[in-house]
Amino acid sequence: MTIYCRESLSPYMENESEELFEIVNQGIKFYESFFNFKFPFTKFDLVFCPELFYGAMENPGAITFNDDTKIFKEDVISEKRT
């Protein structure tokens, strides 16, 4: 799994990438178990795109996000986690 983003977002990605990978891997495992079907692609990437019209778009083997979603633009404190 790879995260692609603008260089200016790299410091935020480095801080949060481990947790993001964990969440995505848990989601894939959940759906594999739920549907009793292995994830059919050999890779899965997260792509943060500048000015993407949609908030996010799911594609085979990748999800593209609008990089203005503020996922990584501030430190996450425990009160904000759900």
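**Group meeting: a loop proline, the core and two salt bridges**

Let me begin with Pro60, which sits in the loop between β3 (56–59) and β4 (62–66), and let me say at once that what we are looking at is a predicted model. Pro60 counts as exposed because its relative accessibility is 63%, and the cut-off for exposed is over 50%. Its C-alpha atom is separated by 8.0 Å from that of Phe44, a residue 16 positions away along the chain.

Phe44 takes us to the interior, since it is one of the 10 residues of the largest nonpolar core, the others being Ile3, Met13, Leu20, Val24, Ile28, Leu46, Phe48, Ile63 and Phe65. Two or more residues of this core come from each of α1 (10–35), β2 (45–49) and β4, and α1 gives the largest share, with 4 residues.

On the surface, Phe30, Tyr31, Phe34, Phe35 and Phe37 form a nonpolar patch that together has about 630 Å² of accessible area. Tyr31, which belongs to helix α1, is partly exposed, at 47% relative accessibility.

Let me finish with the charged residues. Side chains of opposite charge can pair when their charged atoms come close, and in this model the count is 2 salt bridges. In one of them, Glu32 meets Lys38 with an N to O distance of 3.9 Å; here Glu32 is buried, at 19% relative accessible area, whereas Lys38 is exposed, at 61%. Lys43 and Asp45 also form a salt bridge, with their closest N and O atoms 2.7 Å apart, and again a residue that is exposed, Lys43 at 51%, is paired with one that is buried, Asp45 at 5%.

Terms used:
Residues numbered from 1 in each chain as written. Predicted model: local features only at pLDDT ≥ 70, side-chain atom pairs only at ≥ 80, totals over all residues. Heavy atoms only, no water. Buried < 20%, exposed > 50% of the residue type's maximum accessible area, 1.4 Å probe, protein only. Core = buried A, V, L, I, M, F, W, Y, C linked by side-chain atoms within 4.5 Å. Patch = residues over 30% accessible without salt bridge, like charges linked within 9 Å, V, L, I, M, F, W, Y side chains within 5 Å. Areas by Shrake-Rupley, 256 points an atom, 1.4 Å probe, with all protein chains shown as cover. Salt bridge = Lys/Arg side-chain N within 4 Å of Asp/Glu carboxyl O.
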